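Visitor: I'm new to this one and would like some help reading it. Could you show me the model and then take me through it step by step?

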4 protein chains.
Amino acid sequence: MKKNLIRKGSTAMPQNKTDIRKKKIIDTATKVFSQRGFKEATISEIAKKAKISEASIYEYFLTKEGLLFSIPVDASQMLFDTMTFHLKLIRGAANKLRAIVFLFIDSYQKNPDFAAVLMLYLKHNKNFLETEGHVAIKAGIKQITTVIDQGIETGEFKKGTNPYLIRSMILGTIEHLVTNWVMTGNPDNLEELVDPMIDVIIQGIENTGNDPVHWSLQRPVKREESSS
Amino acid sequence: MKKNLIRKGSTAMPQNKTDIRKKKIIDTATKVFSQRGFKEATISEIAKKAKISEASIYEYFLTKEGLLFSIPVDASQMLFDTMTFHLKLIRGAANKLRAIVFLFIDSYQKNPDFAAVLMLYLKHNKNFLETEGHVAIKAGIKQITTVIDQGIETGEFKKGTNPYLIRSMILGTIEHLVTNWVMTGNPDNLEELVDPMIDVIIQGIENTGNDPVHWSLQRPVKREESSS
Amino acid sequence: MKKNLIRKGSTAMPQNKTDIRKKKIIDTATKVFSQRGFKEATISEIAKKAKISEASIYEYFLTKEGLLFSIPVDASQMLFDTMTFHLKLIRGAANKLRAIVFLFIDSYQKNPDFAAVLMLYLKHNKNFLETEGHVAIKAGIKQITTVIDQGIETGEFKKGTNPYLIRSMILGTIEHLVTNWVMTGNPDNLEELVDPMIDVIIQGIENTGNDPVHWSLQRPVKREESSS
Amino acid sequence: MKKNLIRKGSTAMPQNKTDIRKKKIIDTATKVFSQRGFKEATISEIAKKAKISEASIYEYFLTKEGLLFSIPVDASQMLFDTMTFHLKLIRGAANKLRAIVFLFIDSYQKNPDFAAVLMLYLKHNKNFLETEGHVAIKAGIKQITTVIDQGIETGEFKKGTNPYLIRSMILGTIEHLVTNWVMTGNPDNLEELVDPMIDVIIQGIENTGNDPVHWSLQRPVKREESSS
DNA sequence: AATGAATGAGCGTTCATTCAT
DNA sequence: CATGAATGAACGCTCATTCAT
C-alpha cells in the first residue's frame, strides 16, 4: 500500500559520503522539526542548516513526511539492540521491566530533539503506522509484552495480569512524562521517576500468593473497612 | 500571556442564534479535524459542512487554531462539573480515583471525535498550553492530584507516594489507551480496562503497613541507594 | 472522466464584475500563451498583466491547463453561431463551403493570438479532446461534414465523395496555412487563398456527369499521354 | 543563426559504439516523447529506458530540446533520398505528386512514434525552424513545389495554379490526417486516402483546356479577378 | 568515454484571512 | 450579522543540467 519513503541505505554507521550526508540531513531535520514543529518547518530551512541543497534532500527522501518518518529508523534499531543485549544479563521479569523503562527514558533524555519528534509528530500520525520506522519501534515495544508474558509464566506476576494493559501503562506513563518534559523545555530529571514508577507497577502485578484486591468495589464486604 | 482566541460567549447551553451557530461550527470542526487531521482540514470544508460561510467562521473565531483550541472549552467544563458532582458522593481516595478515570474514559468513549481531536491535535500543541481550553482541562486533572494528596493525608496511600508520578501514570495510561483507540478506529471497549488499571495503581500505592519492596531479588538491600 | 476545469459561467457577453474579470483573464492568457508558449508562460505573468492576483485566477480556473482549455469556449461558440446564421442565407453546397472556410480564416485572421493558441497549443493536446472547448469546436467542424453530405445528396457533389477526406483537406489546409501564418509572424493575407483553395476542392468533387479520372496510374492507357 | 544542438555525427548507419549509443538514445526518446509528451517526458526516463546514464545523454545532445530536434534529422534525410530515387522513375507531375504523398504517408504509418513526435512536438515549435532537422524536412517539402512548378511548366497543370497553396493543401491534409491518426491511437489505414486525396487535388489543378469555374453560381464571370 | 551525485532555478497550487457590501 | 469575492504569502517538489571522478 505505502511506498517506501526513504531512498537510500541505513545511516546507523555512516561510512561513505552518501551515508554521512544522509545522516546530516536526518540530524538537522530532527533538530528543526523539534524546534519549529513539523508543519512549520520547511525543507528550505533544513537544507540551509544542513548546508545541503533542497534538491539533494529529495534525492535521499521522497517527501518531507518521508524524511520525518525516517528519523526513528536507526535510533530505534539501536535502542532495540541495546535493550536485547542488556536483557540477556538480567534475571527476573521485574528487573527486566525496570531495565527496559530505564533504557527508554535514558534514550529519550539523551536525545531531547529525537524524543520531541517522536512524541509530538510521530506517535500521533496515522501515516507513520505503516512505515519502517514504526516497525522498528514496535520491536522495542514487543520486548515489554514478552517480559510480562514471561513474568506471568514463571509465576513472578499474577496469573490474571493483562499484558496489554500493563504495557499500555508503562508506555503511556513514559510517553506522558517525556511529552511533558519536551513540551516544557526539559527541566526535570526523568530517570528519577523510573524506580518509583516500576515499583508501583510491580506491586500491582507481582504474585504475592494471596488475594491482593481487598479494597475493590466488587468485593464490598472487605471494602467498607479500607474505604474512608 | 493567555491569548483570547475565541470571540463570543459559551456554547454549553446555546440559547440564541449566535450560540447555536457557534456550536454548529465547533461540532462540525470537531468532526472534520478528527477525520481529516487539523492541518489537512480546511476552513472551507468546515464551512461547507456546517452550511455557514467561511467569513462567518471568522466572525466567531479569530483563527483556525483558535477554533481548534475552543473545542475542549465547554466539553471540559462539563466533564469537570460532572466529576465534582460525583466525587462528593464517593468515599475513599481509591474509589474516587476509580471514578475519575471512569468519567474520563467514559467521556472520551462517548465522543470519539472529541477524543481524537484532544489526543491527536491538542495534547501535543505547545500553543494550546496558554488557552482557556487548557485551563479547563487542567482543572479536571487537578482533581486527580487532589484526591491523591487526600489519600496520602488520610493514610490510605503510602506516605512516600509521588502524586505527580501517580497522576502521570493515570493520565498517561488513559492517553495511551484512548490514542490507540482513536487511531485504530475505536474497536475496543475501554471501560473494561478501568478497573484492572486502577487496581494496579492502588496496590502500588495503598498503605499496607509493611515494607513494599519485598519483591526485588537482585537488590534487596541496595535498592534505596540506586533508586534516586 | 474529466472534471470540469472551468469554474464560473460564460464570458461571451460579460455583464457582471465576475464575468468581466474572467474575460480579462482569458484575454490576457491568450496573449501570453500566444507570445511565450503555454509551458513557458507562467500564471504569475498572466496575473501581473491582467492586474489580478494569481490566487484569483485559480478562483476562476482550476488549473493552468484548465485556463488554456477555456480559451476557445466562447470564441468557438460565437463562430458557430455566426456560421449558422450565414449558412441560412446561402444556396449551394459549394458556396456554403466557401463561406465556412472564409469565416474560419476570417475569424483566425482577426484574432491572431487566439489562432496561435488554438493551432499551437490546443489542436495537438490530447487532454483537450475531452473538454467543453473542444465540443464547441467540433460543432463548427460538423458543419463542414453536413454541407458536404448535403452536396452529395443533392447531386451537386460526386456520389463517391468521401466527406471525411474532404473535411480533412479543408481543415488541414486551413490549419496548415494558419499555423504557418502565426509561426512566421502573420505576414500574409490569408483570405486571398480562400477562393483558390475552395476552387480546387470543388472541382475535385463537383458532379460533372462524366468520369473525371482519366489520368490515374490505375488506368494506364490514357495515362501515357498526359504524363511527362 | 542555425544553432547546432547535436554534438556528434550521423546515426543513419551507425557503425561505431558512439553512433549505436546515439541511435539508441534517439529511438528511445522518440518513443518516450511520443507516448508521454515532450514536456512530460524526462531525461531520466529516457536514460532509464535506453539503459544509458543521464549524463551520457548530455554527452551526445546539448539540451533536451536539442535531442528532440535531432529526431527527424536522419529519418527525413532517408525519406528525402527515397523520394528522390523514386521520382526519377516516374513520369508526370500528377503521378509524382501521388508518389510523394504516398511516401510521406507510408513513412509516417510505418513509424507512428516518429510521426507523433513530428506532428505534435516539432511542427509547431518555433525553435525547430532554425535547426538541421527542419532543413532536412524542408528539402522533402521542396520536392512538392518543384513537381508542381514542373507540372505548370509542362502544361499538365493550369497556368494560374498557386504552387504554395497546392503544396499547403497537400501538406495540410497529410498533417491533419496523420495528426488525427496519432492522437486517436492509429486506428485507420491512411494509405487508402492517398489516391482519393490526390484525385481531388489533381482535378482541381489539371489543365483541361476549358474554363474550370463552371460551377460557381454567384460569380460566374468575376471569378478570374477575385482569385489571386 | 561514461556516470553517479549534486543542485539551481523555478512554478503551480493552496488556504487562511480580509474586506466591501 | 452574514457572506461572496479577492488575495498575500508560502512551500513542496521537479528536473534539466553540471561536475568530479
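Guide: Let's start with a term: a polar contact is a pair of N or O atoms within 3.5 Å; within protein, one must be able to donate a hydrogen and the other to accept it, and residues adjacent in sequence count only if both atoms are side-chain atoms. Here, an N or O atom in the side chain of Ser53(C) sits 3.3 Å from a phosphate oxygen of DNA strand F.

Visitor: Before we go on, what kind of model is this, and how do I read the labels?

Guide: This is a predicted model, where local features need pLDDT of at least 70 and side-chain atom pairs count only at pLDDT 80 or more, while totals for chains, interfaces and linings use all residues. Residues are numbered from 1 along each chain as its sequence is written, chains are lettered from A and ligands numbered from 1 in the order in which they are written, and side-chain values use heavy atoms, with hydrogens and water left out.

Visitor: Which backbone atoms come up against the phosphates of DNA strand F?

Guide: One is a backbone N or O atom of Ile43(D), 2.9 Å from a phosphate oxygen of DNA strand F. For Ile43(A), a polar backbone atom is 3.3 Å from a phosphate oxygen of that strand.

Visitor: Which residues come nearest to DNA strand F?

Guide: A residue counts as near a strand if one of its heavy atoms lies within 4 Å of it. DNA strand F has 30 residues around it, and the nearest are Ser56(B), Ala55(C), Ser56(C), Tyr60(C) and Tyr58(D). Of the strand F atoms within 4 Å of the protein, 69% belong to sugar or phosphate and the rest to bases.

Visitor: And what surrounds DNA strand E?

Guide: There are 30 residues around DNA strand E, with Ala55(A), Ser56(A), Tyr58(B), Tyr58(C) and Ser56(D) the closest. Sugar or phosphate accounts for 68% of the strand E atoms within 4 Å of the protein, and bases for the rest. Now look at the side chains: an N or O atom of Tyr60(A) is 2.7 Å from a phosphate oxygen of strand E. For Ser56(D) the distance is 2.7 Å, and for Ser53(A) it is 3.3 Å.

Visitor: How is the surface near strand E divided by residue class?

Guide: For classes, Ala, Val, Leu, Ile, Met, Phe, Trp, Tyr, Cys and Pro count as nonpolar, Asp, Glu, Lys and Arg as charged, and the others, Gly among them, as polar. The surface near strand E has 12 nonpolar, eight polar and 10 charged residues.

Visitor: How much area do chain D and chain C bury between them?

Guide: The size of an interface is often given as the accessible area lost when the parts come together. Buried area is the accessible area (1.4 Å probe) that two parts lose on being put together, summed over both. For chain D and chain C that is about 4,700 Å², with 59% of it on carbon and sulfur atoms. Counting contact as heavy atoms within 4.5 Å, 56 residues of chain D touch 58 residues of chain C.

Visitor: How many salt bridges cross that interface?

Guide: A salt bridge is a side-chain nitrogen of Lys or Arg within 4 Å of a carboxyl oxygen of Asp or Glu. The rule finds two across the interface of chain D and chain C. Lys39(D) pairs with Glu40(C) in a salt bridge, their closest N and O atoms being 3.1 Å apart. Seven residue pairs across this interface are in polar contact, both at pLDDT 80 or more.
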